[in-house]
Protein chains: 2
Amino acid sequence: MTTKPTVAVVLSGCGVFDGTEIHEAVLTLLALDRQGAAYQCFAPDVQQHHVVDHLSGNETGETRNVLVESARIARGKIRDLAGFDAQRYDALIFPGGFGAAKNRSSVAADGPDATIQPDVEAAIRAMRAAGKPIGALCISPVLLARVLGDVEVTIGDDAGTASAIEQMGGTHRPATHGEVVVDTANKVATTPCYMLDATVGQIADGAHNVVAAVLGMIGR
Amino acid sequence: MTTKPTVAVVLSGCGVFDGTEIHEAVLTLLALDRQGAAYQCFAPDVQQHHVVDHLSGNETGETRNVLVESARIARGKIRDLAGFDAQRYDALIFPGGFGAAKNRSSVAADGPDATIQPDVEAAIRAMRAAGKPIGALCISPVLLARVLGDVEVTIGDDAGTASAIEQMGGTHRPATHGEVVVDTANKVATTPCYMLDATVGQIADGAHNVVAAVLGMIGR
């Protein structure tokens with residue numbers, strides 16, 4: 001590469017229980033910056049599946065917008081995923097959090113029969129068609145299995161989620177803290193992060209390693 | 001120290017424009033973990049000054065609670081600052097974001113005449129009385145000047161904020177990315193972070209360095 005790679009990071013709200021897992025998102029951005037990549041955040045302009053009070057764990061009855069809440073993590077510098085152009089980005093990364101299974105897809109409710117939010121599915125398909133790498137953290141690898149089918153990923157060691165991935169046509173490989181499963185044929189790199197009981201330092205390790213794997217597949 | 005130090009981290013919501021700056025908060029937690037400290041997040045149980053749409057920059061008219069929104073950054077593991085006990089913690093750290101000037105104090109509206117949220121003021125005074133170190137990032141050093149008066153801090157190079165600090169009885173020292181101003185007499189360490197136009201990597205540097213300075217003052 002002669003120019004700095006630019007990576008699209010897709011968020012799904014702001015908070016582990018109803019949106020993007022905040023530590024995973026910030027540490028993905030940090031890993032990209034530390035490893036010499038530029039980034040642009042995106043999120044779909046849709047209502048959240050629900051809003052969870054992160055202190056009590058209860059639903060609040062509020063309505064919040066995924067793009068607007070994701071803008072908190074991106075400090076306002078974010079774009080509607082509906083306008084995503086695969087030609088402008090070298091790679092695509094999905095941090096985790098329940099938002100991936102509630103807002104970017106219906107995995108939380110529907111498991112292997114989940115539907116994927118159309119802008120998310122279009123972005124994954126466009127990057128795949130362009131032969132560009134995709135990274136995913138935590139629960140987000142499930143989305144890649146649902147869209148791409150025959151892909152090798154990890155979500156750590158959760159048996160139910162691993163089974164859903166296999167039913168979608170994917171292959172699940174167990175992994176522990178900081179480990180990355182790379183499917184070189186599909187140019188997909190995944191890591192468990194908070195799908196395991198982890199420290200914030202272990203999340204930083206996982207984010208660093210998955211970003212390194214993704215950047216290493218650019219242009220290959 | 002024979003045991004792992006435990007640091008209280010005080011949040012003020014979730015989002016740079018109406019709460020805690022998310023990158024500064026997460027990278028403070030990461031710095032603590034990387035440097036061998038445990039942490040406990042706190043926030044005051046009060047309504048936010050207002051809610052800002054981080055995509056448009058406009059107020060939304062919603063009401064949100066500071067403790068509940070801060071819980072998003074803390075993944076639910078957070079305590080009401082009203083119950084803070086200085087005897088149980090070795091140091092206190094305040095990440096930045098406008099919430100420090102809107103929810104933890106009235107600095108944004110009242111400048112040098114700002115009032116400080118009572119639980120925040122009590123925590124600062126209790127740690128000072130116990131001779132324990134306090135760290136602050138971004139705009140948060142202003143709170144320390146307002147409560148402690150004659151203290152040496154940095155908020156970077158913003159002339160208006162520096163002037164407010166001086167009017168509060170403090171001394172402002174200019175600093176750039178990653179630099180820390182340490183007031184050894186008062187055991188206070190501060191760094192500019194997003195008070196400067198910074199990258200997320202520069203925020204990680206600032207958070208790392210201010211945490212190192214704070215941990216280095218424990219027990220001295």
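Is Arg125(A) buried, partly exposed or exposed? Select Arg125(A) and colour it by accessibility: its relative accessible area is 42%, so Arg125(A) is partly exposed. Keep in mind during the tour that this is a predicted model.

**Stop 1: a pair along helix α5**

With Arg125(A) still selected, add Glu121(A). The two side chains meet in a salt bridge, with 3.0 Å from N to O. Both residues belong to helix α5 of chain A, which covers residues 118-129, and they sit four residues apart, about one turn of the helix. Glu121(A) counts as partly exposed because its relative accessibility is 26%.

Now go to chain B and select Glu121(B) with Arg125(B). Here too there is a salt bridge, and the closest N and O atoms are 3.0 Å apart. Glu121(B) and Arg125(B) are four residues apart in helix α5 (residues 118-129) of chain B, so about one helical turn separates them. Glu121(B) has a relative accessible area of 26% and is therefore partly exposed. Arg125(B), at 44% relative accessibility, is also counted as partly exposed.

A network of charged residues can go on screen next: select Asp18(A), Glu62(A), Arg64(A), Glu69(B) and Arg72(B), which are joined into one network by salt bridges that share partners.

**Stop 2: charges across the two chains**

Stay with Arg64(A) and Glu69(B) for a moment. They form a salt bridge whose closest N and O atoms are 2.9 Å apart. As a general point, side chains of opposite charge can pair when their charged atoms come close.

Next, select Arg72(A) and Asp18(B). This is another salt bridge, with its closest N and O atoms 2.8 Å apart. The pair crosses between chains: Arg72(A) is in helix α2 of chain A, while Asp18(B) is in the loop between β1 (6-10) and α1 (22-34) of chain B. Check their surroundings and you will find that Arg72(A) and Asp18(B) are both buried.

How many salt bridges are there between chain A and chain B? The count is eight, while over all chains it comes to 16.

**Stop 3: the whole contact**

Zoom out and show both chains. Chain A brings 37 residues to the contact, and chain B brings 37 residues as well. The area buried between the chains is about 3,200 Å², and carbon and sulfur atoms give 58% of it. On the chain A side, pick out Leu55(A), Arg72(A) and Arg75(A): these lose the most area to chain B, together 25% of what that side buries.

If you display polar contacts, the count between chain A and chain B is 18 residue pairs, with both residues at pLDDT 80 or more. Then select α1 (22-34), α2 (66-73) and α8 (200-216) of chain A, since each supplies at least two residues of the side that touches chain B. The largest share of that side, eight residues, comes from α1(A). Colour the chain A side by residue class and you should find 20 nonpolar, six polar and eleven charged residues.

**Stop 4: a buried arginine without a salt bridge**

Move to Arg104(A), in the loop between α3 (99-102) and α4 (107-110) of chain A. Which side chain of opposite charge is nearest to Arg104(A)? That is Glu24(A), 7.5 Å away, and Arg104(A) is buried yet has no salt bridge.

Now show the backbone of Pro95(A). Its oxygen lies 2.8 Å from a polar atom of the Arg104(A) side chain. Leaving out residues up to four places away in sequence, Arg104(A) also touches others, including Val10(A), Leu11(A), Ser12(A), Phe94(A), Ile116(A) and Leu143(A).

**Stop 5: a positive phi in each chain**

Finish with Cys138(A), found in the loop between β5 (134-137) and α6 (141-148) of chain A. Its phi is near 65 degrees, a positive value in a residue other than glycine. Cys138(A) counts as buried because its relative accessibility is 6%.

For the last selection, go to Cys138(B), placed in the loop between β5 (134-137) and α6 (141-148) of chain B. Cys138(B) is not a glycine, although it has a positive phi of about 65 degrees. With a relative accessible area of 6%, Cys138(B) is buried.

Definitions and conventions:
Residues are numbered from 1 along each chain as its sequence is written. Chains are lettered from A and ligands numbered from 1 in the order in which they are written. This is a predicted model: local features need pLDDT of at least 70, side-chain atom pairs count only at pLDDT 80 or more; totals for chains, interfaces and linings use all residues. Side-chain values use heavy atoms; hydrogens and water are left out. Buried means under 20% relative accessible area, exposed over 50%, partly exposed in between (1.4 Å probe, protein chains only). Lys and Arg count as positive and Asp and Glu as negative; His and the chain ends are not counted. A salt bridge is a side-chain nitrogen of Lys or Arg within 4 Å of a carboxyl oxygen of Asp or Glu. A polar contact is a pair of N or O atoms within 3.5 Å; within protein, one must be able to donate a hydrogen and the other to accept it, and residues adjacent in sequence count only if both atoms are side-chain atoms. Contact means heavy atoms within 4.5 Å. Buried area is the accessible area (1.4 Å probe) that two parts lose on being put together, summed over both. Ala, Val, Leu, Ile, Met, Phe, Trp, Tyr, Cys and Pro count as nonpolar, Asp, Glu, Lys and Arg as charged, and the others, Gly among them, as polar.
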